[in-house]
Amino acid sequence: MESKYAEWIKEYVERSQGRLRGSCGSAAEEMSVRFPELHMVRGFVVPADPTRTDYSDELPTVEMELESRRLAWDNECGVTQHFWCEDTDGTKYDPTVGQFREGIALVYIEYDPLKHGPTPLGKCPDCGELVFPPSDGFCDATCRTLFTKYMDGINV
Ligand SMILES: [Zn+2]
């Protein structure tokens, strides 16, 4: 890695006092601002497996049913979402790679809505399940009705 990038990452890690989990987005953004020749990439990381080149069965797909999609994007048990930086050659610079277990090789896969389907909009205010577009923010009409009734009950 070019030493200016390695130096910046080292400085970033020191400044963050090693708290890297959950800060990949802001770190990659900061790095791409500091080095305009880099751009920020959103995607997934999976542990490298030397016996395979295709990891698509570990990632969400555009064909997935809602229940599988919720599991795939679940923060606890789903895929590892991640942000990193790349230069125009596709070389990767990951300012928060230190959050992953040392010595494990990682594969970086850029998020592609045509392959991986929609990203979660957030959680349904009624049941707390992940909601995906198209949606008004609720899973369905039942959740919307229950939540509206609940809010009406609070507001009387
Ligand atoms: Zn719901």
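**Close-up views of the predicted model**

**Figure 1. Pairing of strands S1 and S2.** Valine 41 has tryptophan 84 as its bridge partner in S2. The model shown here and in the other views is predicted. Seven bridges link strand S1, residues 39-47, to strand S2, residues 80-86, and the pairing is antiparallel. Both Val41 and Trp84 also belong to the largest nonpolar core, which is the subject of Figure 4.

**Figure 2. Pairing of S1 with S4 and of S2 with S3.** S1 is joined to strand S4, residues 106-110, by five bridges in the antiparallel sense. Within S4, glutamate 110 is the residue opposite glycine 43. S2 and S3 also run antiparallel and are connected by two bridges. Here glutamate 86 faces lysine 92 of S3.

**Figure 3. The open sheet and the helix packed on it.** Four strands form an open sheet in the order S3-S2-S1-S4, with antiparallel pairing. Strand S3 (92-93) and S4 occupy the edges and have a single partner strand each, so one side of each lacks a neighbour in the sheet. Helix H2 packs on this sheet and touches S1, S2 and S3. The direction of H2 makes about 10 degrees with that of S2.

**Figure 4. The largest nonpolar core.** Ten residues make up this core: Cys24, Ala27, Ala28, Met31, Leu38, Val41, Phe83, Trp84, Cys85 and Tyr93. At least two of them come from helix H2 (24-34), and at least two from S2. Which element gives the largest share of this core? That element is H2, with four residues. In soluble globular proteins, nonpolar side chains tend to be buried together.

**Figure 5. Surroundings of cysteine 24 and the second core.** When neighbours within four places in sequence are set aside, cysteine 24 is in contact with His82, Phe83 and Thr96. Of these partners, Phe83 is itself listed in the largest nonpolar core, as is Cys24. A second core, separate from that one, holds eight residues, among them Phe44, Trp73, Leu130 and Cys139.

**Figure 6. Arrangement of the two domains.** The protein is divided into domain 1, covering 3-117, and domain 2, covering 120-156. How far apart do the C-alpha centres of domain 1 and domain 2 lie? The separation between these centres is 30 Å.

Conventions. Residues numbered from 1 in each chain as written. Predicted model: local features only at pLDDT ≥ 70, side-chain atom pairs only at ≥ 80, totals over all residues. Domains from an automatic or database assignment. Pairing = 2+ DSSP bridges. Core = buried A, V, L, I, M, F, W, Y, C linked by C-beta atoms within 7 Å. Buried ≥ 20, exposed ≤ 12 C-beta atoms within 10 Å, placed from the backbone. Contact = placed C-beta atoms within 7 Å. Axes fitted to C-alpha atoms, helices over the stretch in contact; angles between N-to-C directions.
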